[in-house]
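Here's a handful of exercises to work through with the model open in your viewer. Try each task before you read its solution.

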Amino acid sequence: MRAPRLPSSRAPWLPSSPGFWRSPVRGPWFTSVLGVVLLGGITVLFVTGLLSYAAYNPDLAPVNDQTPDKGLLGFYLFAWPTDPPWLYRLTQGVHVTLGLTLIPVLLAKLWSVVPKLFELPPARSLAHALERLSLLLLVGGALFEFVTGVLNVQLDYVFPGSFYPLHFYGAWVFFAAFVAHAVLKTPAALRNLRRPRTEENEPGSPSRAEPTVSRRGALGLVGGGSLLLFGTTAGHSFDGPLRQTAVLAPHGGPEPGPGPGGFQINKTAAYAGIDDRETSADAWRLVLVGRTGTVRLSRAELERLPSHSSALPIACVEGWSTSDQRWRGVRLRDLAALVGHDEPPDVLVESLQRHGAFRRAALRANQVADPRSLLALYVNGEDLTPDHGHPARVIVPAAPGVLNTKWVARMTFGDL
């Protein structure tokens, strides 16, 4: 004889059965607290992420960004400003540090709602179907965005394709699902938070196991994990002893050597394939191209041009930054004037670098025009070191580090 099929309520070994999820910590209040924290945190992450994308001036030239068919998703893009000079340092530092800090909250929220992913039937009504779809996109989008973000911070590009378009499109999918889910669930979450509750009478699994920790205790563990990640990450935006506390950041160790060049870098000269013979005084020439033709300048000829100084930080997409360094060199707008541009135009900067992304970068006219934007020859009173871009590098206020091109070989001024 064939044994009768048991209903899901009598098959606790199936994830679709409520009896499968026995933790007494799960419940509306616990989930609502985590949801409200993520509501604010993810909104800040999304805004600072969009600002980070805008900082690359993606509409200026394909060399800055090759994301295809942005269409309406690029509606907010604007010419990235140069004031305040620490703008990108702030927005990207907040984006990366907050993103890492929210990881325990996100994992706890996913754990608290995982039974919803296995509910049967899949859709009881149109509203329920929309909620399930938003939940599926929300979970998938959150995991994709946080995983690719962490890998980027750690400089581990194991995912296929470029980080920038992947993270950009993933962010829009994730945030659309996030907004839909928030609209559906925030009113209920706020009611759950206002409702008087006790550990004993809050609904949860019908087959709850014996508690090993209270819900408040579980929130304390989540908060402690977030504080731990914050404390081991935030230092990458500072100098001195605080930087050494950033043990989870790729640049959280000691500064790269003493002296005027002893501040953080991403790419060494060796990694970029820079040959000392190319950067020697006899071999290296800066090529300027503009309205009136081409000019070639040696390092000695650049040093005879009017010199200016700027105190500017370096800030990178991975979230790390330095304090102001003292740069000295020739203003970009003065170089533009040498090839016939009285009004500073856009510029395409090309490097001797052979390996890695951003061997070329485009800057907008407002960045070229800023009197603090330099083709730097010196930093902190000394020649640039090879790792900091000798014989010459670009430095622009508020620009992401990758747009501050090192080992500059050619600059083409004009509309891009």
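**Exercise 1. Find which residues share a salt-bridge network with Asp83.**

Start with the network itself: Asp83, Asp370 and Arg372 are linked through salt bridges, where a salt bridge is a side-chain nitrogen of Lys or Arg within 4 Å of a carboxyl oxygen of Asp or Glu. Before going on, note that this is a predicted model, in which local features need pLDDT of at least 70, side-chain atom pairs count only at pLDDT 80 or more, and totals for chains, interfaces and linings use all residues. Residue numbers run from 1 along each chain as its sequence is written, and side-chain values use heavy atoms, with hydrogens and water left out.

Next, zoom in on one link: aspartate 370 and arginine 372 form a salt bridge whose closest N and O atoms are 2.9 Å apart. Now check exposure, where buried means under 20% relative accessible area, exposed over 50%, and partly exposed in between (1.4 Å probe, protein chains only). Aspartate 370 comes out buried at 8%, while arginine 372 is partly exposed at 23%.

**Exercise 2. Work out which parts of the chain the salt bridge between glutamate 350 and arginine 410 ties together.**

First, the contact: the side chains of glutamate 350 and arginine 410 meet at 3.7 Å, N to O. Then place the partners: glutamate 350 is in strand β5 (residues 347-351) and arginine 410 in strand β10 (residues 408-413), so this pair ties together parts 60 residues apart in sequence. Helices (H or I, at least four residues) and strands (E, at least two) are DSSP runs, numbered from the N terminus. Finally, exposure: glutamate 350 is partly exposed at 22%, and arginine 410 is partly exposed at 33%.

For another pair, go to arginine 277, which bridges to aspartate 275 with the closest N and O atoms 2.7 Å apart. Here arginine 277 is exposed at 65%, and aspartate 275 is partly exposed at 25%. The structure holds seven salt bridges.

**Exercise 3. Identify which members of the largest nonpolar core touch the most other members.**

Recall that a nonpolar core is a set of buried Ala, Val, Leu, Ile, Met, Phe, Trp, Tyr and Cys residues joined through side-chain atoms within 4.5 Å. The largest has 76 residues, and Leu335, Leu375 and Met411 touch the most other members. Helix α1 (residues 28-55) gives the most to this core, with twelve residues.

Now pick out leucine 375. Leaving aside residues up to four places away in sequence, the residues touched by leucine 375 include Leu286, Leu302, Val330, Leu335, Val394 and Met411; a contact means heavy atoms within 4.5 Å. Another core, of eleven residues, lies apart from the largest one, and Phe263, Ala376, Leu384 and Ile395 are among its members.

**Exercise 4. Is helix α3 mostly covered or uncovered?**

Count along residues 103-113: eight of the eleven residues in α3 are buried, which makes the helix mostly covered. Among the buried ones are Val105, Leu106 and Leu110, and also Lys109. Then look at the cover, which includes α1, α2, α4 and α6 (215-231).

**Exercise 5. Locate the cis peptide bonds leading into proline 84 and proline 391, then the positive phi values at asparagine 57 and asparagine 380.**

Begin with the general picture: most residues other than glycine have a negative phi, and most peptide bonds are trans.

- The bond from aspartate 83 to proline 84 is cis, with omega near -10°; proline 84 sits in the loop between α1 and α2 (87-101).
- The bond from histidine 390 to proline 391 is cis too, with omega near 15°; proline 391 is in the loop between β8 (382-383) and β9 (393-395).
- Asparagine 57 has a positive phi of about 50°, lies in the loop between α1 and α2, and is buried at 0% relative accessibility.
- Asparagine 380 also has a positive phi of about 50°, but is found in the loop between β7 (374-379) and β8 and is partly exposed at 29%.

**Exercise 6. How many bridges pair strand β1 with strand β2?**

Two strands pair if DSSP finds at least two bridges between them. Strands β1 (residues 286-290) and β2 (residues 293-297) run antiparallel over five bridges. Valine 289 stands opposite threonine 294 in β2. To finish, check the turn: β1 and β2 form a hairpin, with two residues between them.
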